[in-house]
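Q: Could you take a close look at one part of this model with me? I'd like to see how a ring sits among its surroundings, and then what else turns up along the way.

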Amino acid sequence: MALEVGLGAAFANARTIVTMKHVGLNVAADPLFTSAYTGVVGALIVVSADDPGMSSSQNEQDNRRYAVAAGLPAIEPSDSQEAYDFFFAAVEISERWKIPVLYRMTTRVCHSKSIVVARSADSTAVARGAAPPPAPHFEHDIAGRVMIPANARPAHRRLRAKLAEIAAWGEECALNRVEPGDRSLGIITSGISYMHAAEAGPGACFLKIGLVNPLPIERARAFAASVERCVVVEEGDPVITDSLRAAGIPVESKAEMYRFGELDVARVRRILARDVTPEPAPLRGKPPELCPACPYHTVYGTLAKHDCIVAGDIGCYTLGVLPPYRAMDSCVAMGASIGVGLGLRHVLPPAQARRVVSVIGDSTFVHSGITGLVEMAYNPPPTGHVVLVLDNGTTAMTGQQEHPATGRTLDHGPTNKLSIEGIASAIGIGSVTVIDPYADPEGFERVLLERLAASELSVIVARRPCILAAADIRRWEQQAAELRARASAQAAFDLPLDER
Ligand SMILES: Cc1ncc(C[n+]2csc(CCOP(=O)(O)OP(=O)(O)O)c2C)c(N)n1
Ligand code: SF4
């Protein structure tokens, strides 16, 4: 949705940034691929925060692959200063070639801090003479933006032509640079890997790549030819390596064992030394756990007690998989709990099928659970199904952000509130129950058992605020009530006297 909103804004000449983590781009992939064909009028920068090493993710996909697959220019900064500087370049590329740009970050770049020298007012694009973006306006471009096959075929050709131009420009652009050094070792690298490699191989020659798609192939060819040994140091998939080798450039790459997890200086030293001996096991940290007063305890206690088969989802509540409950049987992608639960219900023998519960958080339900309920109403399994929405009034796991079912905007102001129980009833779910599992654990257990025994479609909304967010939620609710009261008093005052 965010990418589509951003695309609409960029169709109307705005400069737009859309941010997400790497798996978010999977959800946005459908509009992403075709936005490469439609292009934009203003600027559209899609920031993808990748998580090599999976510090808080379910996979470590390398989204540079998306740039190649969709045909989008991709930029990768190495530190805070570059994150700042390269962003201007991303906007310039997007506006010049009228194309979305993928801005690829990784955990270590996002989580590290370094001093940033901001552009002074004198050096801004405006001061340098570039025109500021015109005010948003709309001009019809039916052939350019309505991607029926007759329009999409020429659009694909236009995209490839743009990419060829960007590739030619990229060979010389300042986003890629050669750092001269000892010619016995040349390192081709990008992103955070550059920082590690600079420390692990001081004195080496570097080709540091900032424009990671399209790659500066000819520059890399000349660089590789100019050094005795040329090693590509890159975190994650061998994206640069594969492209250079496909272009016939003989480069050395890391061993497969270094494809997993983040790189660091020690690992890059090993790569450069061609060391493939087993690495020391990482130190065991304290495993995460639910807060002591988390409302999810009673929920997972009940699910574990009755040996439920739990199709789970992503959020704080995923911690129900850990001891003492171990009450989660799958967790795949945001919103997948409902579809996976339905699949289990469809094929399992009835006695087992009746133990299947889909468990999903409130934010995740809004993000991508609603379509699962529609599928459930449309193709109900013979034993029915039970969906448990854990509504803690916030997006707890990622830092207590608001979402449409909290009724508050991202900065906590009042807005329309999506009713989870209302939407479940409207979709046609026969049994919808709202209960506080913390205040009434016996009642929760009773409802759950009753709904599991019935061969019907049920949604149980287990509603109790996250203990860490509860005080803030109360404060924002109070502020919202005051704002509403002030607005209705103002509205009454604005009425003509005889209508008051
Ligand atoms: C497609 C996608 N986008 C974003 C994320 C990051 N993420 C992990 S959990 C989560 C939200 C969880 O919120 P909620 O469902 O309310 O559960 P809670 O943490 O409050 O228990 C998000 C956005 C993700 N895993 N996948
Ligand atoms: S942050 Fe909130 S939802 Fe997450 S474990 Fe703690 S109390 Fe539970």
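A: Start with Phe 33: in this predicted model, Phe 33 has a relative accessible area of 30%, so it is partly exposed. To count as buried, a residue has to be under 20%. Tyr 66 makes that cut, because its relative accessibility is 16%.

Now put those two rings together. Their centres are 6.2 Å apart and the planes of Phe 33 and Tyr 66 meet at 75°, so this is an edge-to-face pair. Phe 33 belongs to helix H3 (residues 29-38) and Tyr 66 to helix H4 (residues 64-70), so the pair ties together parts that lie 33 residues apart in sequence. Searching the whole structure turns up seven aromatic pairs.

Rings can have charged company too. Over the face of Phe 11 you'll find Arg 145, at 4.8 Å from the ring centre. Likewise, Lys 208 has its charged end over the ring of Tyr 194, 5.4 Å from the centre.

Tyr 194 leads us to helix H9, as it is one of the buried residues there. This helix covers residues 191-200 and is mostly covered up, with seven of its ten residues buried. Another buried one is His 196, and its relative accessibility of 11% is why it gets that label. So what does His 196 touch, leaving aside its neighbours within four places in sequence? The contacts are Leu 263, Asp 264, Val 265 and Val 268.

Note on methods: Residues are numbered from 1 along each chain as its sequence is written. Chains are lettered from A and ligands numbered from 1 in the order in which they are written. This is a predicted model: local features need pLDDT of at least 70, side-chain atom pairs count only at pLDDT 80 or more; totals for chains, interfaces and linings use all residues. Side-chain values use heavy atoms; hydrogens and water are left out. Buried means under 20% relative accessible area, exposed over 50%, partly exposed in between (1.4 Å probe, protein chains only). Helices (H or I, at least four residues) and strands (E, at least two) are DSSP runs, numbered from the N terminus. Contact means heavy atoms within 4.5 Å. Rings of Phe, Tyr and Trp (its six-membered ring) pair if their centres lie within 6.5 Å; planes under 30 degrees apart count as stacked, over 60 as edge-to-face and the rest as tilted. A charge sits over a ring if NZ of Lys or CZ of Arg is within 6 Å of the ring centre and within 35 degrees of the ring normal.
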